[in-house]
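Student: Could you take me through the ligand site in this one, slowly? I'd like a close look at that part, and then whatever else connects to it.

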Amino acid sequence: MDSTFRRTPDIHLQDLINGLLQGNRVFLSRAITLIESKRVEDRKMSAELIERIVQPGRKSLRIGITGVPGVGKSTFIEAFGKMLTDIDKKVAVLSIDPSSNRTKGSILGDKTRMDELSRDPNAFIRPSASGSNLGGVASSTREAILLCEAAGFDIIIIETVGVGQSETVVKDMVDYFLLLMLAGGGDELQGIKRGIMEMADHILINKADRQNLKAAKKAKEDYKNAVHLFPPNEAEWVVPVGLCSALEKLGIEATWKEIEKYEKQVITSGWFTENRKRQAIKWFHERIHDRLEESFFSKPAVKNEIKKKEELISSQKISVRKAVEELFS
Ligand code: GDP
């Protein structure tokens, strides 16, 4: 990022905001880089930026997409995103990739995976934020969503790999959660836990094409039966189980139709607003915890004291309970 953007925050912050509100993707990208930054001065500027761009009541739809690696997430997002831009929607794709810390890569790092969509002027694709804790990454993704919305994007897609805790994190920041599955493998085989299936607002069996079609149809019935056994969700939405072929662009529009149906239903019932409120309150509490943790552990005296206590605990000179009590006394 251009360092002059940081040196004179007041003037440049206004430029950034203007560019962002005009829907300029370069400015949007810079704004996201800013909110991801951990530098103290950037944090202040980020707080101001967010404060000034948030437009209460702006209409957007946030869609989470998950599934194991190889299920076809990026192929699906490419086809789905193109279908949406064809009907004049502006689509932003963000991702949460729990593995990106280790590999320094990103599930969306390789832009060629969504080649067509990334060249579409009505789309914006941002590779995953990286960071040492999922909470921090989640928080900057939430703010990135707000930035995308301020830049005029109607549909915000949050992609995550369905292998860890990141699904819960994504579920907590989206209006609709779509789970991509494959036919043929059992749930364990796919690494998908029952909990994730219960979180889903939509189960979509991808690669329902060619020699896979028969197995996909059978899987659809199986998942339908499984979904019936789940307790009803808070949105009072009957989770659809569908088939699609991201590669052959089949079932993409039908998926969007279901999502629109859901949107209508939950806006009417009030769940849409209620859910967003609950998500914001939960986020607020999570941020408080993060900040407390950060400010506590970053104190040199605390670090020192923890080290001393570790030695005392190791040599059994103090109980864990006492050590903790002393740290906070
Ligand atoms: P991701 O890891 O979940 O993002 O999966 P990708 O989108 O990278 O897809 C993994 C592989 O599956 C690629 O070789 C795709 O071409 C292929 N693939 C994706 N969707 C379909 C589909 O609908 N049908 C078939 N036959 N192959 C697909």
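Tutor: What follows starts at the ligand and then moves out to the loops, the cysteines and the aromatic rings. Keep in mind that this is a predicted model.

Let's start with the shell. There are 15 residues around the ligand, and Gly70, Lys73, Thr75, Arg113 and Asp209 come nearest. Sorted by class, the shell has five nonpolar, six polar and four charged residues. Which helix gives the most to the shell around the ligand? That's helix H5, residues 73-86, with three residues.

Now the polar contacts, going by the ligand's oxygen atoms. On the backbone side, a polar atom of Val71 is 3.4 Å from an oxygen atom of the ligand. Side chains join in too: a polar side-chain atom of Lys207 lies 2.9 Å from a ligand oxygen, and one of Ser245 lies 3.3 Å from a ligand oxygen. As for how covered the ligand is, on its own the ligand exposes 570 Å², and the protein buries 73% of that.

Lys207 deserves a second look. Lys207 sits in the loop between strand E6 (202-206) and helix H11 (213-229). Its phi is near 65°, a positive value in a residue that isn't a glycine. Is Lys207 buried or exposed? Neither, quite: its relative accessible area is 32%, so Lys207 counts as partly exposed. Lys249 also has a positive phi, about 55°, without being a glycine. You'll find Lys249 in the loop between strand E7 (241-243) and helix H12 (252-269).

Next, the cysteines, in case you were wondering about cross-links. Searching the whole structure turns up zero disulfides. Cys148 has a relative accessibility of 0%, so it counts as buried. Cys244 is buried as well, with a relative accessible area of 2%.

On to the rings. A pair of aromatic rings is described by the distance of the centres and the angle of the planes. The structure holds seven aromatic pairs. In one of them, the rings of Trp237 and Tyr262 have centres 5.0 Å apart and planes at 85°, so that pair is edge-to-face. Trp237 comes from the loop between H11 and E7, while Tyr262 belongs to helix H12, so to speak bridging distant parts of the chain, 25 residues apart. Both Trp237 and Tyr262 are buried. Another pair, Phe296 with Phe328, is stacked, at 5.1 Å centre to centre and 5° between the planes. Phe296 lies in helix H13 (residues 271-297) and Phe328 in the segment after helix H15 (320-327), so this pair ties together parts that are 32 residues apart in sequence. Phe328 itself has 60% relative accessibility, which means that it counts as exposed. There's also an aromatic cluster, formed by Phe76, Phe80 and Trp256.

One last stop is Glu198, in helix H10 (residues 194-199). Glu198 is partly exposed, with a relative accessible area of 35%. Its C-alpha atom is separated by 10.0 Å from that of Leu229, and the two residues are 31 residues apart along the chain.

To pull the ligand site back together: Val71 offers a polar backbone atom to a ligand oxygen, Lys207 and Ser245 each bring a polar side-chain atom, and helix H5 gives the most to the shell.

Conventions:
Residues are numbered from 1 along each chain as its sequence is written. This is a predicted model: local features need pLDDT of at least 70, side-chain atom pairs count only at pLDDT 80 or more; totals for chains, interfaces and linings use all residues. Side-chain values use heavy atoms; hydrogens and water are left out. A residue is near a molecule or strand if one of its heavy atoms lies within 4 Å of it. A polar contact is a pair of N or O atoms within 3.5 Å; within protein, one must be able to donate a hydrogen and the other to accept it, and residues adjacent in sequence count only if both atoms are side-chain atoms. Accessible areas come from the Shrake-Rupley method with a 1.4 Å probe; for residues, only the protein chains shown count as cover. Helices (H or I, at least four residues) and strands (E, at least two) are DSSP runs, numbered from the N terminus. Ala, Val, Leu, Ile, Met, Phe, Trp, Tyr, Cys and Pro count as nonpolar, Asp, Glu, Lys and Arg as charged, and the others, Gly among them, as polar. A disulfide is a pair of cysteine sulfur atoms within 2.5 Å. Buried means under 20% relative accessible area, exposed over 50%, partly exposed in between (1.4 Å probe, protein chains only). Rings of Phe, Tyr and Trp (its six-membered ring) pair if their centres lie within 6.5 Å; planes under 30 degrees apart count as stacked, over 60 as edge-to-face and the rest as tilted.
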